[in-house]
Every structure is written in C-alpha cells, then in structure tokens.
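Q: I have a structure open that I haven't looked at before. Can we go through it together?
A: Sure, put it up and ask away.

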Amino acid sequence: MPIEPWVHRDVAGPRTHALVIGVSRYDNLPLEPDHANKKTLGMTQVKTPAMSALKMAEWLRDDYNPPKAPLANLWLLLSPSVDEVNSAGSMGATAAEVEKPTKANVEDVLDQWRTACIQNPDDVAVMYVAGHGAQHSTGGSVLILQDFDPNDNPLLKCAMDVGAVRR
C-alpha cells in the first residue's frame with residue numbers, strides 16, 4: 001500500500017512536490033563509536049537530523065507558498081533519536097504518524113514523488129535529507145537509511161543514492 005503524503009493539497013497548475021527525510025536513530029548502529037568494528041565506518045546514533053527534517057517539513061507546510069508553484073504534496077519520513085522525542089513537543093506525535101525511513105519505505109515514496117514531479121514540466125521538486133551520509137569516489141553521495149546494517153553485502157544496500165535521485 002502506498003505511503004500517503006504527510007501534506008496533500010489540491011492545487012491547479014504548476015505545483016511543488018516535496019520529499020523530506022530525517023534519520024537520527026539507526027537499527028544497527030551503536031550509541032558510541034566502536035573503533036574495533038570497521039564495518040560501522042565509525043558511525044553511531046545521532047541526535048538532531050530528524051528534528052532538522054521536521055523543521056524543514058513544517059516550514060514547507062506552513063510558510064512556503066510561492067504563487068507560481070504552491071505546495072501540493074509533502075512526503076515525510078522520520079526516525080528520531082530518543083533525545084529528539086523527549087525534548088521536542090511535536091516530534092513524538094509527528095514521528096508516530098509518519099513512516100520510518102527504511103529502504104522499502106524510501107523506495108515507495110521516491111516512486112510516488114517522482115511520478116508526481118513529472119506530471120507537469122513546470123512543477124517544482126524539493127528534496128531535503130538529513131542523517132549520516134557518505135560520498136562515493138565518483139562524486140555521488142548517499143543517505144544512510146534507518147535499516148542500514150554494517151553486515152550487509154553490499155554495505156550500502158540500505159542507503160539512498162542522492163545523486164541518482166537528482167539525475
């Protein structure tokens with residue numbers, strides 16, 4: 001079943017379609033650096049990317065309103081840290097109502113977002129991602145997703161290739 005947009009508005013003419021992803025909590029990363037485990041690439045749980053993504057999504061929802069392409073759709077995927085849920089009033093409730101940024105969920109939402117973006121050549125596409133990332137030697141970058149597993153082969157099986165999405 002497709003993941004519903006967090007915000008959907010009926011808009012005529014050119015529209016903006018936004019995708020916002022924030023990953024602070026990872027299923028398979030330690031709280032503290034584990035230098036003995038080279039597979040984690042030194043990555044640990046992080047404290048603020050999901051809050052950053054939520055603030056961006058709230059800004060898009062509440063304040064972004066260009067007259068030539070108003071916001072029509074906003075997909076939001078969040079995996080907040082315990083600190084973010086405990087310290088932020090709306091984070092816990094919002095995180096409970098949206099899907100998690102797992103590989104399967106991101107692939108589903110990317111398909112929907114791309115389909116929406118190509119409906120009108122004057123539409124605007126916005127993508128905001130926050131979390132652990134990595135850069136390829138070829139210049140591309142990836143966002144590490146919630147279900148990243150340092151034991152996976154290939155290692156970046158649960159990552160989103162940001163450059164490929166842009167292309």
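Q: Starting with E1 and E3, in which sense do they pair?
A: Strand E1, residues 7-8, pairs with E3 in the antiparallel sense, over two bridges. Bear in mind that this is a predicted model.

Q: What stands opposite Val7?
A: Leu74 in E3.

Q: And E2 with E3, parallel or antiparallel?
A: Parallel: strand E2, residues 16-23, is joined to E3 by eight bridges. Val20, for instance, stands opposite Leu76 in E3.

Q: Which helix goes with E2 and E3 in the β-α-β unit?
A: Helix H1, residues 49-62. The unit of E2, H1 and E3 is right-handed.

Q: How many residues of E3 are buried?
A: Nine of its nine, so to speak the whole run of residues 71-79.

Q: Now the whole protein. How many helices and strands?
A: Five helices and seven strands. From the N terminus the order is β-β-α-β-α-α-α-β-β-β-β-α.

Q: What does the radius of gyration say?
A: The protein has 16 Å, and a compact globule with 167 residues would be near 15 Å, so the two agree. The C-alpha trace spans about 55 × 40 × 30 Å along the principal axes.

Q: What share of the residues is buried?
A: 46% of the 167 count as buried. The accessible surface of the protein is about 8,900 Å², and carbon and sulfur atoms hold 52% of that.

Q: And the contacts along the sequence?
A: Taking contacts between residues at least 6 apart in sequence, 69% join residues at least 24 apart.

Definitions and conventions:
Residues numbered from 1 in each chain as written. Predicted model: local features only at pLDDT ≥ 70, side-chain atom pairs only at ≥ 80, totals over all residues. Heavy atoms only, no water. Buried < 20%, exposed > 50% of the residue type's maximum accessible area, 1.4 Å probe, protein only. Helix = DSSP H or I, 4+ residues; strand = E, 2+ residues; numbered from the N terminus. Pairing = 2+ DSSP bridges. Right-handed = clockwise from strand over helix to strand, strands pointing away. Rg over C-alpha atoms; globule rule 2.2 N^0.38 Å. Contact = heavy atoms within 4.5 Å. Areas by Shrake-Rupley, 256 points an atom, 1.4 Å probe, with all protein chains shown as cover.
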